[in-house]
Amino acid sequence: MKLRFTKMHGAGNDFVVLDATQHPMQLTHEQLRHVADRRFGVGCDQILVIESSRTPGVDFGYRIFNADGSEVEHCGNGSRCFVRYVVDKGLTDKRTVRVQTVNKILELRLREDGRVTVDMGAPIFDLPQVPFQPEGLTPRALNGFDLWPLALGDGMACEVAVLSMGNPHAVQRVEDVDHAPVGLIGPQVEGHERFPRRVNAGFLQIVSRSEVKLRVFERGSGETLACGTGACAAVVAGIRLGWLDEAVEVHTHGGDLRIEWAGLTQGLEASVFMTGPAQTVFEGEIEL
Ligand SMILES: N[C@@H](CCC[C@H](N)C(=O)O)C(=O)O
């Protein structure tokens, strides 16, 4: 079978985008892993499958798969590429699009400057919903928000803020993110027994109250050049811990994202807004 695809990226977090608006598409785990493989396939961090929607008021459906073939709930950078794709392909003439993911409806706006702003919905702090199992652990409260100790291998440990953006995140503060041992600690946090569905591990360096640097070891994909939900989670955690103001510029190795959250003034259920780039790289066909 031949599969047509579009290769895109959002701040260097790269995607293979598949159009299933005309015909339903069901790829096996092996096929997904093959498409994502950087040597034997196209290569990407995530695969995005765009579907039509039968829900009134919702324009499209959208499914997300990590490079290891696992299906996930949310992808911030992917959602920006999704809206760029449906507009560029003429699948809609709207500039504000509503899309159904596995567990929420997102609203996305393609701006005049080509960047995309996404209403990412409210962060989730309820630990069972993340899901995170804190039984027997004693958190350290900072500014009223908990930091949780995690035991790692070889006597190592770290302290993380835990929350969900629809997908799970564990964020730890580091002094110098460029030299942080992301490749060593990231996989241990990702697969930690306290996170029954694994977790995205964020490493956050505070530059000022409105500027941070971030690296994320993503669940199911490894370290990526940027992670949109990771940026939202890190900024929300930083705001709740008293380190950051409401609007923050996030520098990743792949580019910059702007994250805004007014949760401390408008209530914790306020939406997080993410603005950033979305680019098409090339199109092609792969034999499966
Ligand atoms: N790159 C994404 C997140 C993709 C999903 C994540 N790896 C997970 O398993 O939750 C982003 O930009 O948010």
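Around the ligand in this predicted model sit 20 residues. The closest are Asn77, Asn167, Arg219, Gly228 and Thr229. Two elements each give two or more residues to this shell: helix 2 (76-88) and helix 4 (228-240).

What kinds of residues make up the shell? Its members divide into 14 polar, 3 nonpolar and 3 charged residues.

Now look at where the ligand lies in the fold. Domain 1 covers 2-119 + 278-287, and domain 2 covers 127-270. Both domains give residues to the shell, so the ligand lies between them.

A database record can be set beside this picture. An unreviewed UniProt entry places the feature "binding site" at Asn13, Gln46, Asn66, Gly76, Asn77, Asn167, Asn200, Glu218, Arg219, Gly228 and Thr229. Two of these positions, Asn77 and Asn66, are worth a visit.

Start with Asn77. This residue is in helix 2. Is Asn77 buried or exposed? It has 36 C-beta neighbours inside 10 Å, and a residue needs 20 or more to count as buried, so Asn77 is buried. Which residues does Asn77 touch, beyond those up to four places away in sequence? They are Gly10, Ala11, Asn13, Ala226, Cys227, Gly228 and Gly276. Asn13 and Gly228 also appear among the positions of the UniProt feature.

Next comes Asn66. Find this residue in strand 4, which runs over residues 60-66. Asn66 counts as buried because it has 22 C-beta neighbours inside 10 Å. Leave aside its neighbours within four places in sequence, and Asn66 is in contact with Gln46, Val72, Arg219, Gly220 and Ser221. Gln46 and Arg219 are among the positions in the UniProt feature too.

Step back to the whole chain. It holds 5 helices and 19 strands. Its C-alpha trace spans about 50 × 40 × 30 Å along the principal axes. How does the radius of gyration of the protein chain fit a compact globule, and why? With 288 residues, such a globule would have a value near 19 Å; the chain has 18 Å, so the two agree.

Burial and contacts add to this view. Of the 288 residues, 44% count as buried. Take the contacts in the chain with a separation of 6 or more: residues 24 or more positions apart account for 65% of them. Asn66 and Arg219 are one contact to look for in the structure. Another is Asn77 with Gly228.

Note on methods: Residues are numbered from 1 along each chain as its sequence is written. This is a predicted model: local features need pLDDT of at least 70, side-chain atom pairs count only at pLDDT 80 or more; totals for chains, interfaces and linings use all residues. Helices (H or I, at least four residues) and strands (E, at least two) are DSSP runs, numbered from the N terminus. The radius of gyration is taken over C-alpha atoms; the globule rule is 2.2 Å times the number of residues to the power 0.38. A residue is buried if 20 or more other C-beta atoms lie within 10 Å of its own, exposed if 12 or fewer, and partly exposed in between; C-beta atoms are placed from the backbone. Two residues are in contact if their C-beta atoms, placed from the backbone, lie within 7 Å. A residue is near a molecule or strand if its C-beta atom, placed from the backbone, lies within 6 Å of it. Ala, Val, Leu, Ile, Met, Phe, Trp, Tyr, Cys and Pro count as nonpolar, Asp, Glu, Lys and Arg as charged, and the others, Gly among them, as polar. Domain bounds come from an automatic or database domain assignment. UniProt positions are given in the numbering used here, feature names are shortened, and annotations may be inferred rather than shown by experiment.
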